[in-house]
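Here's a quick tour of a protein and its DNA. Take a look at the sequence and the structure first, then read on.

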There are 2 protein chains.
Amino acid sequence: MTTTPNTPAHAAHSERLRRLRLRVTPQRLFVLEALDALGGHVTAEAIMRWTARHYPAINLATIYRTLDLLVSVGLVAQTDLGGGAATFELVGDVPHHHLVCERCGTVTELDDALLAALREQVLRSYGFRAHSRHIALFGICRGCLAAEAPALLDRDTHHEHTR
Amino acid sequence: MTTTPNTPAHAAHSERLRRLRLRVTPQRLFVLEALDALGGHVTAEAIMRWTARHYPAINLATIYRTLDLLVSVGLVAQTDLGGGAATFELVGDVPHHHLVCERCGTVTELDDALLAALREQVLRSYGFRAHSRHIALFGICRGCLAAEAPALLDRDTHHEHTR
DNA sequence: ATCGCTGCAAAAGTTTTGCAGTCGC
DNA sequence: GCGACTGCAAAACTTTTGCAGCGAT
């Protein structure tokens, strides 16, 4: 019944869990698989849907508990993009951050190198050690900037595409 | 019945609303007053409680709708600090950002000057115009760094003081 | 065999929405 | 008076939690 996933990444995930002395369960493997397959910026709900295709008995509460665990041991990063559901991504790739467009909701990844100087200064000035992940900058992306350039003084565009 | 607030800032808030061609209602004035009185990083719930002391009939839904409006016209900034309820603050003070400690939950304000260079570079490299507010960096604050400095290899400190 | 993990169901917490009445302009 | 705004109540969503049973080690 406990059908474990069977992909190349599978063994690596098992290994990582084992090395952290965490129990290797199909649910955890499937969550890691889903994060792999879906890429970054994945909601718990999305992981749920993806996993359910291979393991229908999976439960959302388990997804949350698993993500919580994986975040706490540093295998997964929780990224908050300003509303709705939180998103998650595997740690291990190149560190990066997020540019969140408040018009169209697009999330662009921002190389960590650009933030290195800032992090260092924040550490010096505030004694605050910022992550090399997790940072989100909100603003307007290139596409929306171009599209909205002419319209500068229009109010009443309130409840449009927010998120 | 419609007791309007009576503080020095009151007139200024009325004026700002009027200038934006928005209706001046006691609810809106009270929300602005609350943001003034409570300072930054205020949740809708907190605004609700503060306002209710002077205007018991206020409704949470109204608070949300009002905040939504004020954010959309730029009078208020919505700051997301990674979970629970969103927080709000008046725009108009010196632009600043937020250092969110993931251990103790403390939010420190970060001067905008430190981010100017980053914003400029993001604009050049990505065509992305970031706000001069709203940015949140997650990490560990000075106090918690000091406290946790000795403990480096302890796992199982999972579900402690998170938020 | 043990102890942690999971499924289920229910609760908690935040935010949104429909509708009817009210009030600012 | 008109149309926007508000209160109330209910719904929609995301996330957490208690408990009993199951399963990884």
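## The briefing

Among contacts in chain A (contact means heavy atoms within 4.5 Å) between residues at least 6 apart in sequence, 50% join residues at least 24 apart. Keep in mind that this is a predicted model, where local features need pLDDT of at least 70 and side-chain atom pairs count only at pLDDT 80 or more, while totals for chains, interfaces and linings use all residues. As for bookkeeping, residues are numbered from 1 along each chain as its sequence is written, chains are lettered from A and ligands numbered from 1 in the order in which they are written, and side-chain values use heavy atoms, with hydrogens and water left out.

**How chain A is built**

- Chain A has 6 helices and 7 strands; these are DSSP runs numbered from the N terminus, with helices being H or I of at least four residues and strands E of at least two.
- Read from the N terminus, the elements of chain A go α-α-β-α-α-β-β-β-β-α-β-β-α.
- Of the 163 residues of chain A, 40% count as buried (buried means under 20% relative accessible area, exposed over 50%, and partly exposed in between, with a 1.4 Å probe and protein chains only).
- Helix α3 of chain A (residues 44–52) has these buried residues: A:Ala44, A:Ala46, A:Ile47, A:Met48, A:Trp50 and A:Thr51.
- The cover over the buried residues of α3(A) includes α2, β1 (42–43), α4 and β3 (87–90) of chain A.

**A closer look at one histidine**

- You'll find A:His13 in helix α1 (residues 8–19) of chain A.
- Is A:His13 buried or exposed? With a relative accessible area of 1%, A:His13 is buried.
- Leaving aside its neighbours within four places in sequence, A:His13 is in contact with A:Leu29, A:Leu32, A:Glu33, A:Asp36 and A:Leu90.
- A:His13 and A:Cys144 are 131 residues apart along the chain, and their C-alpha atoms are separated by 39 Å.

**Two copies, one axis**

- In general, two copies of a chain are related by a rotation about an axis and a shift along it.
- Here, a rotation of 179° with 0.0 Å of shift along its axis superposes chain A on chain B, with an RMSD of 0.1 Å (the fit is by least squares on the C-alpha atoms of residues with pLDDT of at least 70 in both copies).
- The two copies are therefore related as by a two-fold rotation axis.
- Which residue of chain A comes closest to the rotation axis? That's A:Ala136, at 3.3 Å (C-alpha).
- The copies meet through the same surface, because 100% of the interface residues of chain A are also interface residues in chain B.

**Around DNA strand C**

- There are 21 residues around DNA strand C, and A:Thr25, A:Gln27, A:Thr62, B:Val24 and B:Tyr64 come nearest (a residue is near a molecule or strand if one of its heavy atoms lies within 4 Å of it).
- Of the strand C atoms within 4 Å of the protein, 67% belong to sugar or phosphate and the rest to bases.
- Some polar contacts here (pairs of N or O atoms within 3.5 Å; within protein, one must be able to donate a hydrogen and the other to accept it, and residues adjacent in sequence count only if both atoms are side-chain atoms) involve phosphate: a phosphate oxygen of DNA strand C is 2.5 Å from a side-chain N or O atom of A:Thr62, and a phosphate oxygen of the strand is 2.3 Å from one in B:Tyr64.
- α4(B) gives the most to the surface near DNA strand C, with 4 residues.

**Around DNA strand D**

- Of the 20 residues around DNA strand D, A:Tyr64, B:Thr25, B:Gln27, B:Arg28 and B:Thr62 come nearest.
- A polar side-chain atom of A:Arg23 lies 3.1 Å from a base nitrogen of DNA strand D, and one of B:Thr25 lies 2.8 Å from a phosphate oxygen of that strand.
- α4(A) supplies the largest share of the surface near DNA strand D, 4 residues.

**Cysteines**

- How many disulfides are there over all chains? The count comes to 0, where a disulfide is a pair of cysteine sulfur atoms within 2.5 Å.
- The sulfur of A:Cys104 is 3.6 Å from the closest cysteine sulfur, in A:Cys101, which is too far for a bond.
- A:Cys104 counts as partly exposed, at 38% relative accessibility.
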